[in-house]
Amino acid sequence: MSQTHRLSQGGGIDRARELTFTFNGRRYQGHPGDTLASALLANGVSVIGRSFKYHRPRGIVGAGPEEPNAIFQVGTGATTRPDQRATQVELFDGLVASTSARLGFDPLSVNNMFARMLPAGFYYKTFKWPATYWPRYEEKIRAVAGIGESPIEPDADRYDHMNAHCDVLVVGGGPAGLAAAQRAASAGARVILVDENPAFGGSLLSGRDAPDNHVDGRSNRDWIANTVAELAAMPDVRLLTRTTAFGNYDHNFIGLMEDRGDYLGQPAAHGVRHRLWRVRARQVVLATGALERPLVFGNNDRPGVMTASAVSIYINRYGVTPGYRAVVFTNNDSAYGTALDLHAAGIDVAAVVDVRRRPSGALAAAVRAAKIPIHDGCTLIKARGGRRVRSVEIGRLSGEQLTGDRWKISCDLVASSGGWSPVVHLHCHIGSKPVWDDQAACFLPGADNPGQTSAGSVTGHFNLRDCLAQGFERGDAAAAAAGFEPTAGTAPSAPAAGETMPIRPFWLAPSGAPISRGPKQFVDFQNDTSAADIALAVREGYESVEHVKRYTALGFGTDQGKLGNINGMAILAATLGKSIAETGTTTFRPAYTPISFGALAGRNAGHLFDPERKTAMHEWHAAHGALFENVGQWKRPWYYPKDGESMQESLDRECQTTRTAAGVLDASTLGKIEVHGADADRFLDLIYTGARRNMKTGTCRYGLMLHEDGMIFDDGVTAKLGDNHYFLTTTTGGAAGVMNWLEAWHQTEWPDMDVFFTSITDQWATIAVNGPKSREVLQALCNDIDFDRDAFAFMTFREGTVAGVAARVFRISFTGELAFEINVDANHGRYVWEAVMAAGAPYGITVYGTETMHILRAEKGFIVAGQDTDGSMTPMDMGMQWAVGKKKTDFIGMRSLARPDIVASGRKQFVGLLPTDGTVVLPEGAQLVDDPQAPLPMPMVGHVSSSYHSVTLGHSFALALVKDGQSRMGETVYSPQPDGSVIAATIAGPVFYDREGARQNV
Amino acid sequence: MSEPVMESPLIGRPHSIQGQPADGQSAAQSGVSLGERPFLGHFSLRGKADDEALMAACSRVFGIALPKTPNTWVEGEGVVIGWMGPTEWLVLVAAETRHEWLISLREALADQHAGVVDLSGGQTLITLAGEHARDVLAKGSTLDLHPREAQAGFCTRSTLAKSAIFLRVVEAGERFEIVVRRSFADYLWQWLVDASEEYGCEILPADATLALSASADNDFDEAVNAS
C-alpha cells in the first residue's frame, strides 16, 4: 500500500473511491474528502518545499489557512494557480501540483550554513548599492526563492460577482456559527452562513467521536447534518461552503469569495470558477474560530513538526497519521486531546512534554490513564533530523531557564501547541484593535463593531459547551437587532468540560546558548524569520511592531502571519522588555486569504469589460466593412476600406467623393438633449455663451458651453422646436457630462426655474448627408419638405417624412459643404440609412467614418471640443469671439473671461499649421518650439491638436495652439521629433478650405 | 416606396428574434427566461406632482392617477406608468397603440405645464423571469429584490452591470422588466445571457405587446371610481 500513513479507519473520506494525483511529477493516490495536504501526508511525503531564504527542507505544519509551507502551484496551462495552500486544496482525480523548490539536494541549502551572514535586513543591507541595480538583484532573488507562476494564457473560465442582502450574516460554520445561524433563521431572519471549508462543522469535524464531544446527545456528524438540513430547508437561508469571508468593510459590507470550480478541477458546464459575493448584512455574527500557535524551539521547522490541532485534524477528519511515534509539546491542555487522538488511532505517543509543572485537569488525567509518559516542567530544546525529525532534545526548566538536565527521545512527529489565537482578522479589518487577554494568553476582539458581534472560540471560549451557548445567544441577539422576535428554545447542549488547568504563556524555548548562536528557532516559516532576527531588529534600533515586521519580513507571506505573528510579537515584547499589550499587533487588513484576480474582475472582462454602445446602423456598418473606433463607449465607424485600399487611400476616396458629390456619416452618437419648461430660454441663456432667447422657432444656432473658469468644455447646435422648447446636441463623448451639468445647475443653483431635460441621444438616428449632391439625394426621398436654397435656409430645420418615415431634417454642416442631417426614430434608422444610400447611388454617394469627418471639419477649421480644446481654452483663445453674446449680462464662465490672466497676452491661441514639407503629417500632440537648437529644457510655444493629410488641399495640414499664434501668421515654428528630426511648419489661419463659406451657401 | 421597416436594437443578437434556447438547453431545464418586447411606446412625461391641474389631466387621459409614491408603478387600460423621479414618469404602451397614445397625450397635456418626450425608438424592454431571475439581477445590481423588499408594483431607476436601467417588478421575486437605452441594449443583453447561463436560459421570441397583469381591469375601475 502506497498510502503508508493512512489509518485503517476513521475520517470523513470516501475510502471506496481512489483518486490519482501528481505532485512534482510523481503519482500518488488519495480519496474523495482528502485535501492535497492530507493525501501527501497519507503517502508519507514529508518534504514538500524549501524555505525562502535558507532553502531548508520544510513539511506540512498546519491543516488550514495558517499553513506556511505547503504553498503549491496547482493545475497547468491557462488555469494554473500559484500560492495554493495544500491544506485547503481539495483533492480531485487528476490534480497536478508542484513546488518550484528542489525537494532533493538543493545546492542553495548552503545558505543555511552561512545563515549567520543572512540576518534580518540582509537584502536591505547588501543589495543597496548601486540603487539602480535593485531590479537586477530582485530578479535573481525571486528566481532562487521559488515564488509561483501566473498563467500566461488567456483565462478561459468565467467569474462573477453576486450582490446579496441579508438580515444576519454568520461567518464561520463551526458549532457557534451553526447555532447562531439556526437561531437567527428560526426567528424568520434572512440568513447567510459561510464557511471556508467544503463542509460545515468546524472543530466538530476534527474532534474525536466520543461522548464528551457530543451535542444534544448526538454524534458530532449527526448533529451537524441535522442542523445543516434544518437550515437548508428554510427558504431564506443561504448556505455557502468553500466560501471565505475575506474582508469586512464599513457598514456591514462583507466580501466573500466562493470557490465553485477549483475544487472540481474545472467549473461545471456553464458555471463560474470563482464568485465574489458582496454582502450587505443588517447584522453580522463573526464565528471565525481560533488558530493554534506552535511553540518556538530549535529547528522547529523540521518536517514532522506540526501544530497539535493539525495532527488531530489529520487523524480525525482524514484518517491520516502524520507520523508513527509522536512527541506532544505543549503549554496548555488542548494538546492532551491530540495525545489521546494519537493514542486512540494506535500511534505511539512517546511523551507529552508540558512546560507547566504538575499538569492537572481532565485531559491530563486521561493521558496519564492511557499510560502516556508526561514530562512536566520541561521544554523541547531542539529537534534533530534533516529531511524529517528523528528525535527531540528535552530539557528541564527552572522558570524560563534550563536546569542543565537534558535527554533525547526519538520520534518522527512533534505535535506542538503554544495556545490558541482567535481569528480576530475580520473584526479588526474596519479599524478595531484587538485586546490582549492575560488569562487566555491571546488577543480577543475589542468592543463589538456597530451591527456586529462575535461568537465561539474567537471570543476566547475554547470549550464546546460555551461556544454552542454563545452562538445560540448571539444568533438570537442578531435576529432581534435586525427586527425579528427570537423563538422559544434552548441552546444545544454539550457535556460540561472537565477540570482544566490554565495555559502558561511560553514564547521561546531556551536553548542554553545566546539567541544568535543556538539552532534556528523559527517564528515565521514562510519568510524564514527566526527569533534571532527579531532580537537583531531590536538591537539595531527597531521598536515599533510595524517596523520590525517590515525589517524582518515577519508576517509578510501568503499566510500573512496566521501561524507565527503572535509568537513574533510576544518575542518582540519580551526583547523590548514591554508587555504584549503595549507592543500590540500589526494591522489586520483584507484579504484574510488571497483572492483571485478573476473574482475581482468578475464578468467585467473581455467583450463585457465595458459597454459597447452601438447605433441603429451598426450592423450595416459592420456588414459593409467598417473599421470601428472607440469614441467614449461608442463604436463608431472609423473608415470603410474597399478591397486593397490603404487607410489613406480610403480617406482620400471618402473625402473626395464627399467634396465633389455626396457622403454620408452616421452621426447618431452625438449627444442630444430635449429641454422644455417655462424657463427654458432663461436657463439656456445662462448655459451657453451665445443668446438663445432671441432665436426663432425652426432655427438652429451653434453654441459653446464654458465651465465656471471660462474654459470651453463642450459645444453643439441648439435647435428651437417651439416656445421654451429646444433640442441640443453635444459632443459624442460629452453627452453625459453635459446632461449632468444641466441637472447640477438646475438642482443646486436655479431650482426655482421651470425647466426639464430629457436625454434623447438614443431616440434619434442621425444621418448626415454632405456634399454638393446632398440636396438631390434628399429630394429623391422626401416630398413634403421644400429643399429650395432660400426656402430651407442654412441653420434651420424642417419636419417632414424621409423615405416615408417621420423625420426632422437640419440644414447644418460640419464639412463646409451643402449638408443635411436627417433625424428619425432610431427603430427606423437602418431603413432610412439604406434608403439614403440607394437614393445617393446615382451620384456615387460614399459612406464615410470619423476619420474623414475629422479631415473635412479640420479643413474648415471647425474645432472638436476635447481634441482641439483641453479644458484650458477660452472662446477667445479659439478665435471664437463671435460665439459669445456681446449684449449678454450673464452666463456661466462670463466673469472669468475678464480675469487678468485670461485677457493677458502670451496665451496659446488656435491657429493652422502648414508643414514646410507637405508630405509630412505632424504627430498630434507634438510640441512646438521657436528654436530647435535652443538648449534644454527647450522653451515650448505650443502643441499640435489635430493633424491630417488632405487630398483636397494636396498636402498635409494641422491645427495647433500656439502662444500669441493669432498675431504670428506666416512665422515658422518647429517640432522636434523623438527620432531627432525636426518638422518645420508655417503658422496660418485655421480655415484651409473655402474661407468664404461659399460651398454650403448654394 | 416599401413600408418602412423597424429594427430592434437587439438585431445583432439572433437569439432574441428566433426564440432559440441558448446553447442547446431546453426550456424545461431553464431557471431563467429572457425576452424582448420591442417597439413599445415609451414616453417620458415631465411635470410637477403638486400641479393639480396636470394630475387631473393625466388621470383623465390615462384613466388612472399618476403614481406619486416614489418607486412605484401603476397600470391602466393598455398603459403602465412608472415613477422615475419627482418630476418624471415613464409611460409604456403597446407598440400598435403608440402613435394614438402620443397624439392623445400631447393633446390632453397641451395646455399643461408639462412635456411629453417620445423615447420609443431610444429604449427597449427586456423581460427576465424564472426561478433564478433574481440571482441574475443580483450579479449586476445592488438592489435588494427579495419579495419582502421589492413587491410587485416596485420600480426604480438603477444600474445593471454597467448600464443605466429602469427596473419594474411585475411579480415579486419572479418576473422583472428592464428598460434599457437602445445603445446599451446589445451590451446588456449579452451580459444577461452570460449571467444567466449557469441556470439554463431560455430565450423567448420577441413580443411587441405590453405585459399587463390579470387584475388590471379591477385596478382600472377602482382608479376611475376614485378620481
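1. Let's start with a salt bridge you can find quickly in this predicted model: B:E7 pairs with A:R830, and their closest N and O atoms are 3.7 Å apart. Between chain B and chain A the count is 15 salt bridges, alongside 35 residue pairs in polar contact.

2. Which elements of chain B give two or more residues to the side that touches chain A? They are β2 (41-46), β6 (115-118), α4 (133-138) and α5 (182-196). Of these, α5(B) gives the most, with nine residues. By class, that side of chain B has 20 charged, 17 polar and 16 nonpolar residues.

3. For the extent of the contact, 53 residues of chain B meet 55 residues of chain A. The area buried between the two chains is about 4600 Å², with carbon and sulfur atoms giving 47% of it.

4. Now have a look inside chain B, which is assigned domain 1 (14-39 + 122-214) and domain 2 (41-120). Their C-alpha centres lie 24 Å apart, and each domain puts 22 residues into the contact. About 1800 Å² is buried between them, 57% of it from carbon and sulfur atoms. On the domain 1 side, B:Q123, B:R157 and B:L210 supply 31% of the buried area, more than any other three residues.

5. B:R157 is worth a second look: its side chain meets that of B:E88 in a salt bridge (3.2 Å, N to O). Across this domain interface there is one salt bridge, together with nine residue pairs in polar contact. On the domain 1 side, β9(B) gives the largest share, four residues, and the residues there divide into 14 nonpolar, six polar and two charged.

Technical notes: Residues numbered from 1 in each chain as written. Chains lettered and ligands numbered in written order. Predicted model: local features only at pLDDT ≥ 70, side-chain atom pairs only at ≥ 80, totals over all residues. Heavy atoms only, no water. Contact = heavy atoms within 4.5 Å. Buried area = accessible area lost by both parts, 1.4 Å probe. Salt bridge = Lys/Arg side-chain N within 4 Å of Asp/Glu carboxyl O. Polar contact = N/O pair within 3.5 Å; in protein donor to acceptor, adjacent residues only side chain to side chain. Nonpolar A, V, L, I, M, F, W, Y, C, P; charged D, E, K, R; others polar. Domains from an automatic or database assignment.
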